[in-house]
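Subject: Handing over a structure, with notes

Dear colleague,

I am passing on the structure below for you to look through, and my notes on what was found follow after it. Please keep it open beside this email as you read.

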Amino acid sequence: ARDLQEQCLERCDFEPKEHALLTDRVLVAKGMPQQYGTQFHRTKRGLVLRPIADRRHVDARRKAVGLTPIAENIAAMLARDRQLARRAMRRRITVKQ
């Protein structure tokens, strides 16, 4: 799958946002820091942003491709994660009754 993603980065025509998402996905798959801060992973403590190269300039890179600032993105991802966790808990409670 990684090879296909890399081929798409080289040959496919994407909107800038989608190009940023795929760029980060390919970099993370290679064990490298991402450029745009779009990739998270789950740990025992919850959702964590994967490492970003040159974090000081990430908002400028994000703005250039039409993404929101990294702080807004993190807040939105964490809020979504909490919402999904609450739904999962409600389902578990309903099933156990």
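Which residues of α2 are buried? They are A20, L22, T23, D24, V26, L27 and V28, where buried means under 20% relative accessible area, exposed means over 50%, and partly exposed lies in between (1.4 Å probe, protein chains only). The areas themselves come from the Shrake-Rupley method with a 1.4 Å probe, and for residues only the protein chains shown count as cover.

Before going further, please note that this is a predicted model, in which local features need pLDDT of at least 70 and side-chain atom pairs count only at pLDDT 80 or more, while totals for chains, interfaces and linings use all residues. Residues are numbered from 1 along each chain as its sequence is written, and side-chain values use heavy atoms, with hydrogens and water left out.

As for the overall layout, the protein has four helices and two strands, and along the sequence these follow the pattern α-α-β-β-α-α. Helices (H or I, at least four residues) and strands (E, at least two) are DSSP runs, numbered from the N terminus. Of the 97 residues of the protein, 28% count as buried.

To return to helix α2 (residues 16–29), its 14 residues should span 20 Å at 1.5 Å a residue, and its end C-alpha atoms are indeed 20 Å apart, which agrees; the expected span is 1.5 Å times one less than the number of residues. Just after α2 comes G31, which takes a positive phi of about 80 degrees.

How many salt bridges does a search of the whole structure find? There are two, a salt bridge being a side-chain nitrogen of Lys or Arg within 4 Å of a carboxyl oxygen of Asp or Glu. In one of them the side chains of D81 and R42 meet, at 2.4 Å from N to O. This pair links distant parts of the chain, since D81 sits in helix α4 and R42 in strand β1 (residues 40–43), 39 residues apart. D81 is buried, with a relative accessible area of 17%, whereas R42 is exposed, at 53%.

R61 forms a salt bridge with D54, and here the closest N and O atoms are 3.7 Å apart. R61 counts as buried because its relative accessibility is 17%, while D54, at 42%, counts as partly exposed. D54 lies in the loop between β2 (46–49) and α3 (58–64), and it has a positive phi of about 50 degrees although it is not a glycine. Most residues other than glycine have a negative phi.

The loop between β2 and α3 also holds H57, which is partly exposed, with a relative accessible area of 37%. H57 and Y36 are 21 residues apart in sequence and 9.4 Å apart in space, C-alpha to C-alpha.

Finally, please look at the positive surface patch formed by R80, R82, R86, R87, R90, R91 and R92. Patches are made of residues with over 30% relative accessible area and no salt bridge, like charges being joined within 9 Å and nonpolar side chains (Val, Leu, Ile, Met, Phe, Trp, Tyr) within 5 Å. Within this patch, R87 is found in helix α4 (residues 70–96) and is partly exposed, with a relative accessible area of 34%.

With best wishes

Key. Lys, Arg positive; Asp, Glu negative; His and termini not counted. Charge placed at Lys NZ, Arg CZ, Asp CG, Glu CD.
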